[in-house]
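Work through these short exercises on charged side chains. Each task is followed by a solution in steps.

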Amino acid sequence: MTNIPPPSLAGRQTNARPLPPADRQAWVAYREIRLLLDARVTRDLEAAVDLSMPDVDVLAAVNALAERDPTPERTTWLVPLLPDAARSTRAAHCVRVAALADRMRWSRSRLSRQLGRMERRNLIARVPCTLDGRGDDIELTDLGRQALERAESQLEAAVRTHFTDALTEEQRATLRQISATLKTGDPAVTAE
């Protein structure tokens, strides 16, 4: 039996040497701020609009992928989608679970469970796709659209409070540079 590395390591040499302490500290620092910021923003969202961050991620992604001519500034900053996700899905105008999961970088089972919770709360609906009749299309309900609209201003306030106002412009620029550098090696992001 052949041991095949995971896709993220395919074709790359792995380096078995231990990470130096400074590199470990950098990784831990990244994980700490990610978890801390996610927790703070989620707390604010849940208190203000009774939505979790995964709720907002799904609502924003479905909205972005379903709209034929979205306002990029309004829809894409809420949830990071693969670059051509909106274009390719919008052409068919069906938002399928598998395609949505791929574009959000979530597992299908995680997305299906999340959609089930959101469907029970009447935030989304699964309806037969009118283009081919073979599968269900994910749509925002009126309640889901209203919830997303309420969440947008709360999310913006939380991001401002816990992130942008806490950093200098130079620090934010450094984060943008780090993001661009790390995304360069990701074939899913760079394949446009």
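Buried means under 20% relative accessible area, exposed means over 50%, and partly exposed lies in between (1.4 Å probe, protein chains only). The model is predicted: local features need pLDDT of at least 70, side-chain atom pairs count only at pLDDT 80 or more, and totals for chains, interfaces and linings use all residues. Residues are numbered from 1 along each chain as its sequence is written, and side-chain values use heavy atoms, with hydrogens and water left out.

**Exercise 1.** State how many salt bridges a search of the whole structure finds.

Solution. Start with the rule: a side-chain nitrogen of Lys or Arg lies within 4 Å of a carboxyl oxygen of Asp or Glu. The search then gives nine salt bridges.

**Exercise 2.** Describe the pairing of Arg126 and Glu119.

Solution. Take the distance: their side chains meet in a salt bridge at 3.0 Å, N to O. Next, check accessibility. Glu119 has 33% and is partly exposed. Arg126, at 28%, is also partly exposed.

**Exercise 3.** Place Asp55 and Arg121 in the fold.

Solution. First, the contact: Asp55 and Arg121 form a salt bridge, with the closest N and O atoms 2.8 Å apart. Asp55 sits in helix α2 (residues 53-66), and Arg121 in the loop between α6 (108-120) and β1 (124-128), so the pair ties together parts 66 residues apart in sequence. Helices (H or I, at least four residues) and strands (E, at least two) are DSSP runs, numbered from the N terminus. Last, accessibility: Asp55 is buried at 3%, while Arg121 is partly exposed at 34%.

**Exercise 4.** Which residues are linked with Glu169 in a network of salt bridges?

Solution. Arg172 and Arg176 join Glu169 in that network.
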